[in-house]
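User: I'm new to this one. Could you walk me through it and tell me what justifies the labels people put on its parts?

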Amino acid sequence: MPLYICTACGTQYPASDKPPVQCAICEEERQYVPERGQTWTTLEALAQSHRNGFRQYRPGVLGIGAGFAIGQRALLLQTAGGNVLWDCVATLDAATVTAIKALGGIKAIAISHPHFYTTMVEWARAFDCPVHLNAADKDWIMRPDPAIQLWDGDTLELWDGVTLIRCGGHFPGGTVLHWGRDKGIVCAGDILTVVADRKWLSFMRSYPNLIPLSAREVERIGAAMAPFAFDAIYGHYFDRVIETGAKQVLETSVARYVAAINGARGY
Ligand SMILES: [Zn+2]
Ligand SMILES: [Zn+2]
């Protein structure tokens with residue numbers, strides 16, 4: 001039986017003879033069903049229709065994605081102790097598996113929030129590795145699997161200076177990854193969203209439906225990041241990267257957001 005994948009958000013569902021009636025992720029207020037209606041694909045069909053592109057941002061930081069569905073790209077982080085796949089993309093074909101295996105495979109997958117869970121179980125099986133998800137978002141796991149390991153609390157240390165940080169915001173379990181190399185790198189998904197000018201960050205409950213977060217939630221994001229030193233932030237699209245000065249950008253962006261949402265003069 002096929003495992004259907006939602007073409008709007010990239011979420012893969014358990015095996016079923018007919019496609020699911022609805023995509024629970026798209027029906028919820030943080031996503032949307034496209035005007036054309038709900039449509040489905042499979043991993044096999046995706047391998048024909050889409051191809052992953054790769055972008056090396058710096059040695060050991062490799063972007064992977066095909067622009068499918070929400071259009072995010074994943075990041076392969078190469079540490080001495082093993083590779084981490086940060087966030088996930090639905091598109092997993094034979095070429096991608098071969099290329100990543102040649103780079104040492106994947107020791108663990110960590111994902112920022114449910115919109116990027118996509119085909120995580122396929123990736124976990126292809127690379128025989130666990131998937132670390134924050135337990136607060138467990139109700140949004142559409143395809144449960146023994147490879148999924150839920151974590152609680154504020155942080156989860158992996159290895160080689162890689163730490164997962166729960167920021168909340170966009171989702172209660174909204175997570176970013178901090179890596180201590182090169183003055184500090186943060187992989188942020190759209191929990192800290194690098195905006196179009198790449199000079200600022202913003203923070204939303206829903207991006208497509210333009211639902212903001214409260215000042216309190218955004219201040220909590222700032223507090224969660226305060227203990228960590230970093231210079232670069234990698235957002236969720238190929239071109240959304242702040243290469244330097246990112247710690248300052250986060251601090252001023254939290255302040256700008258809170259001023260705006262509180263109706264400060266000038267906003
Ligand atoms: Zn969907
Ligand atoms: Zn999202």
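Analyst: Sure. Keep in mind that this is a predicted model. The largest nonpolar core has 42 residues, and Leu-85, Ile-106, Ile-109, Ile-111, Met-120 and Trp-123 are those with the most contacts inside it. Several elements each supply at least two residues of this core, including helix 2 (43-49) and strand 5 (74-79). Helix 4 gives the most, with 5 residues.

User: What makes His-113, His-115 and His-170 donors of the zinc ion (ligand 2)?

Analyst: Their NE2, ND1 and NE2 atoms, respectively, lie 2.1 to 2.2 Å from the zinc ion. The cut-off for a nitrogen donor here is within 2.8 Å of the metal, so these atoms qualify. Along the chain, the donors follow the spacing H-x1-H-x54-H. His-115 sits in the loop between strand 7 (108-110) and helix 4, while His-170 is in the loop between strand 11 (162-166) and strand 12 (175-179), 55 residues apart.

User: Are His-115 and His-170 buried or exposed?

Analyst: Both are buried, which means under 20% relative accessible area.

User: How do you know that strand 13 (residues 185-189) and strand 18 pair?

Analyst: Pairing takes at least two bridges. Strands 13 and 18 have 4 bridges, in the parallel sense, so they count as a pair. Gly-189, for one, has Gly-235 as its bridge partner in strand 18.

User: And why is strand 19 (residues 241-242) called a partner of strand 18?

Analyst: They are joined by 2 bridges and run antiparallel, so they meet the minimum of two. Tyr-234 stands opposite Val-241, and a hairpin joins the two strands through 5 residues.

Conventions. Residues are numbered from 1 along each chain as its sequence is written. Chains are lettered from A and ligands numbered from 1 in the order in which they are written. This is a predicted model: local features need pLDDT of at least 70, side-chain atom pairs count only at pLDDT 80 or more; totals for chains, interfaces and linings use all residues. Side-chain values use heavy atoms; hydrogens and water are left out. A nonpolar core is a set of buried Ala, Val, Leu, Ile, Met, Phe, Trp, Tyr and Cys residues joined through side-chain atoms within 4.5 Å. Buried means under 20% relative accessible area, exposed over 50%, partly exposed in between (1.4 Å probe, protein chains only). Donors are N, O and S atoms within 2.8 Å of the metal (3.2 Å for Na, K and Ca); water is not among the atoms, so sites may look incomplete.
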